[in-house]
Amino acid sequence: MIEAACPVSFVITKWDLLSDLHPNDERIRLEFVQDLLTSNDHFRTLVKIQGATRVVRLIPVSSVGPGFATVDPTGRIVKLPQGIVHPTRVDVPLSAVVPDLFEQVEGRLDQAAREAFYAEVRRRSQMTPMDAVASLAAFAGRVTGKAVIATLGASAATLAGNAVLGLFLDSHGGAQARRQERLNRELNQIQQGYEDFREARRRVIEDMRRKVAVMEDQLPHSRLS
């Protein structure tokens, strides 16, 4: 992973089985685990190198949640009587992928490219849906668009191309601009269909960011970089 060019997440599975480390405070429990992991030279070096340019996370998850299973004296995992499944953060590792990648891209743009990117975001918020589609190819061909695509990485650009670039731009669309657009324009059926698609993409990204933000608020030590 030292050579990785993408955000890095370490997922701690079976998090519920570590509840005895500190039963009443999950923050302290994760801090304890983080201290143990970073006491390893290789882990600490990886976080230092990767964290300089991208997001590195520590994500505790449990497919069954607390109070469902325990470890018996022989070391076997056994189900507790009356245990009920309450999955914990199983969706966060996937939810973090796209927001972390977009954060990495923005962080690597220089000041001029970042200003040009935000100017494009503002311009797209005033366009009709079809104009936004047409403008994407032009933006991709400009210096800033090329910089964004290069920062996203060759694999993303090759596999998804304008889809990823459009998602990146639309993920910054403001709610006020969207409301004004709906008030000021009477969209035909094709335009409305595309606008609904753009709105769905924004909502997906917003939901991903919300899940990650909740975890960071609950567990500050989940953010290693």
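# Exercises on salt bridges, strands and backbone angles

The side chains of Glu120 and Arg123 come together in a salt bridge, with an N to O distance of 2.9 Å, and the exercises below start from this pair in what is a predicted model.

## Exercise 1

Task: Determine in which helix Glu120 and Arg123 lie, and decide for Glu120 whether the residue is buried or exposed.

Solution. Step one is to place the pair: Glu120 and Arg123 both belong to helix H4, which covers residues 111–125, and they stand 3 residues apart, about one turn of the helix. Step two is to take the accessibilities one by one: Glu120 has a relative accessibility of 4% and therefore counts as buried, the cut-off for that class being under 20%. Arg123, at 40% relative accessibility, counts as partly exposed. The salt bridge of 2.9 Å thus joins Glu120 to Arg123, with Glu120 buried and Arg123 partly exposed.

## Exercise 2

Task: Examine the salt bridge between Arg44 and Asp41, and state which helix holds the two residues.

Solution. The first step is the distance, which is 2.5 Å from N to O between the side chains of Arg44 and Asp41. The second step is the location: both residues are part of helix H2 (residues 41–51), where they are 3 residues apart, about one turn of the helix. The third step concerns exposure, and here Arg44 is partly exposed at 39% relative accessibility, while Asp41 is partly exposed with a relative accessible area of 48%.

## Exercise 3

Task: For the salt bridge between Glu103 and Arg223, work out which parts of the chain are tied together, and then find which residues are linked with them in a network.

Solution. Begin with the contact itself, in which the side chains of Glu103 and Arg223 meet at 2.6 Å, N to O. Glu103 lies in helix H3 and Arg223 in the segment after helix H10 (189–218), so the pair ties together parts that are 120 residues apart in sequence. Next, consider accessibility: Glu103 counts as partly exposed at 37%, and Arg223 counts as partly exposed at 26%. Finally, widen the view, since Glu103 and Arg223 belong to a network of salt bridges that also links Arg57, Asp100 and Glu216. Across the whole structure, a search finds 14 salt bridges.

## Exercise 4

Task: Describe how the side chains of strand E1 are arranged, and identify which strand E1 pairs with.

Solution. Step one follows the side chains along strand E1 (residues 8–12), where they alternate: Val8, Phe10 and Ile12 point to one face and are buried, whereas Ser9 and Val11 point to the other face and are not buried. Step two turns to the pairing, in which E1 and strand E2 (residues 56–60) run in the parallel sense over 5 bridges. Step three picks out one bridge, that of Ser9, whose partner in E2 is Arg57. Arg57 has already appeared as a member of the salt-bridge network with Asp100, Glu103, Glu216 and Arg223.

## Exercise 5

Task: Locate Gln104, explain why Gln104 counts as buried, and list which residues Gln104 touches beyond four places in sequence.

Solution. Gln104 is found in helix H3, which spans residues 92–108. Gln104 counts as buried because its relative accessibility is 2%, and the class requires under 20%. When residues up to four places away in sequence are set aside, Gln104 touches Ala5, Cys6, Pro7, Thr53, Arg54 and Thr151.

## Exercise 6

Task: State what is notable about the phi of Lys14 and of Arg89, and compare where the two residues lie.

Solution. The background is that most residues other than glycine have a negative phi. Lys14, although not a glycine, has a positive phi of about 55°, and Arg89, likewise not a glycine, has a positive phi of about 60°. As for location, Lys14 lies in the loop between E1 and H1, and Arg89 in the loop between strand E4 (77–79) and H3. In accessibility, Lys14 is partly exposed with a relative accessible area of 49%, while Arg89 counts as buried at 12%.

Key. Residues numbered from 1 in each chain as written. Predicted model: local features only at pLDDT ≥ 70, side-chain atom pairs only at ≥ 80, totals over all residues. Heavy atoms only, no water. Buried < 20%, exposed > 50% of the residue type's maximum accessible area, 1.4 Å probe, protein only. Helix = DSSP H or I, 4+ residues; strand = E, 2+ residues; numbered from the N terminus. Pairing = 2+ DSSP bridges. Contact = heavy atoms within 4.5 Å. Salt bridge = Lys/Arg side-chain N within 4 Å of Asp/Glu carboxyl O.
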